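Here is a briefing on one protein model. Keep the sequence and the coordinates open while reading.

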Amino acid sequence: MTHAIIPPYLLARIAAVQEPAWAHAAQAAQATLLTPRPYRPTRSRIRMSVEDGGTLVFEGAPAPDRTIFDAQQREQLPGTRVRGEDDPPTSDAAVDDAYDGLGATFDFYWDAYQRNGIDGVGGSLLATVHYGRDYDNAFWNGERMVFGDGDGEVFVGFTGSLSVIAHELTHGVTEFAGGLEYQGQSGALNESMSDVFGALTEQHRAGQDADAASWLIGEGIFTAAVQGVALRSMRAPGTAYDDDVLGRDPQPAHMDDYVQTTDDNGGVHINSGIPNHAFYLTAQRLGGKAWERAGRVWYLTLTSGALSPTADFAAFARATVSTAAAEYGEDSEVLDAVRRGWIGVGVMDDGAATT
């Protein structure tokens, strides 16, 4: 199963556009929908920091092992190798953005959760840029990140958004953690995990508190012609875009508005707005760096090995409550914030998860 950042319902909407000004984008979206997405030793480094009192501290830490390839606008993987670990920057912005984004995601997972890479054991981080001609997506294929360049009318290149890169790489983390079946509510949780840690990676790189963060996924991938700021908003699902041609962001923020559909594997990209918002509410209530407590609860829940691959929202909510209680105590503000987050989106009722 491959996982892409642009949901099929949005590509289908673009493909159906009849306006002459968007003819190229419509053709690109049609081609993107028809293009198949093929599914396919630890390094170390020394980090230095200065403690209070001026003591210089040397710390050994794993280092990423990145390799970037160029598909040269063909739909063939992996493409030509263009940059490897420790190689200098190139003159290609997509190559260098992908390289930097892989590194920022690696650093986030190590710094926040001591996870050594996507697979947890320091495996290589691979990416291919310039995939296809006007390809309107970015995806994780089980082996590597793959980036299209966009059509230039609706989407620009996808390597410029760290939340997109971290989102797709987190699909790999979810797979290595045991997986969440990509269907219905477990599939929406799969998508939500990628949005949560995509947002947290951006916040970690910027050193942002929860209050200062945008909580947007895919900010900057739309052209100026689109009336929208991002693909999704965790702060306010359903408000990321509202365009005369693309329509309105369809994500719900509450179970009252849950979308029953057979499209997109049961609405995995739409209904992920509900667990996304639950995490946002939890993080806002706790304040500070969202990856430190709220993120830790979600990460430990995902990687515990106890989560069923078919877990629905209620099961995942109960699991996060159990994790928070075990890590922070039955009377902790973390446990209270987690419960209130799920109550706020209608998945829990007075602390009890509902079906």
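The points below cover a buried strand, salt bridges, aromatic pairs, charges over rings and one loop serine.

The model is predicted. It holds 10 salt bridges and 22 aromatic pairs. Strand β4 is largely enclosed by the rest of the structure.

**Strand β4 and its neighbours**

- Strand β4 spans residues 66-70, and five of its five residues are buried, so the strand is largely enclosed.
- R66, I68 and D70 point one way from β4. T67 and F69 point the other way. Both sets are buried.
- β4 runs parallel to strand β6 (residues 125-129), and five bridges join the two. T67 has L126 as its bridge partner in β6.
- Strand β5 (residues 80-84) pairs with β4 in the antiparallel sense, over four bridges. Here T80 of β5 stands opposite D70.

**Charges over rings**

- R66 of β4 also meets a ring: its charged end sits over Y99, 3.8 Å from the ring centre.
- F69 of β4 offers a ring to R144, whose charged end sits over it, 4.8 Å from the centre.

**Salt bridges**

- Side chains of opposite charge can pair when their charged atoms come close.
- R232 and D195 form a salt bridge, with the closest N and O atoms 2.7 Å apart. The pair links distant parts of the chain: R232 is in strand β10 (residues 232-233) and D195 is in helix α5 (residues 184-206), 37 residues apart.
- Are these two partners buried or exposed? R232 has a relative accessible area of 1%, so it counts as buried. D195 is at 0% and is buried too.
- K289 and D209 form a salt bridge, their closest N and O atoms being 2.9 Å apart. K289 lies in the loop between α7 (273-286) and α8 (294-303), and D209 in the loop between α5 and β9 (216-217), so the bridge ties together parts 80 residues apart in sequence.
- K289 is partly exposed at 26% relative accessibility. D209 is partly exposed at 33%.
- R296 and E327 meet through their side chains in a salt bridge, 3.5 Å from N to O. R296 is in helix α8 and E327 in helix α9, so the contact ties together parts 31 residues apart in sequence.
- R296 is partly exposed, with a relative accessible area of 28%. E327 is partly exposed as well, at 39%.

**Aromatic pairs**

- Among the 22 aromatic pairs is that of F108 and F197. Their ring centres are 6.5 Å apart and their planes stand at 45°, so the pair is tilted.
- This pair links distant parts of the chain: F108 is in helix α3 (residues 93-113) and F197 in helix α5, 89 residues apart. Both residues are buried.
- F197 also pairs with Y299. The centres are 6.4 Å apart and the planes are at 85°, so this pair is edge-to-face.
- F197 lies in helix α5 and Y299 in helix α8, so the contact ties together parts 102 residues apart in sequence.
- F197 is buried at 0% relative accessibility. Y299 is buried at 8%.
- One aromatic cluster is formed by W215, F279, Y280, W298, F316 and W342.

**A serine in a loop**

- S332 lies in the loop between α9 (313-328) and α10 (333-344).
- S332 has 13% relative accessibility, so it counts as buried.
- A polar atom of the S332 side chain lies 3.1 Å from the backbone nitrogen of L335.

Technical notes:
Residues are numbered from 1 along each chain as its sequence is written. This is a predicted model: local features need pLDDT of at least 70, side-chain atom pairs count only at pLDDT 80 or more; totals for chains, interfaces and linings use all residues. Side-chain values use heavy atoms; hydrogens and water are left out. Buried means under 20% relative accessible area, exposed over 50%, partly exposed in between (1.4 Å probe, protein chains only). A polar contact is a pair of N or O atoms within 3.5 Å; within protein, one must be able to donate a hydrogen and the other to accept it, and residues adjacent in sequence count only if both atoms are side-chain atoms. A salt bridge is a side-chain nitrogen of Lys or Arg within 4 Å of a carboxyl oxygen of Asp or Glu. Two strands pair if DSSP finds at least two bridges between them. Rings of Phe, Tyr and Trp (its six-membered ring) pair if their centres lie within 6.5 Å; planes under 30 degrees apart count as stacked, over 60 as edge-to-face and the rest as tilted. A charge sits over a ring if NZ of Lys or CZ of Arg is within 6 Å of the ring centre and within 35 degrees of the ring normal.
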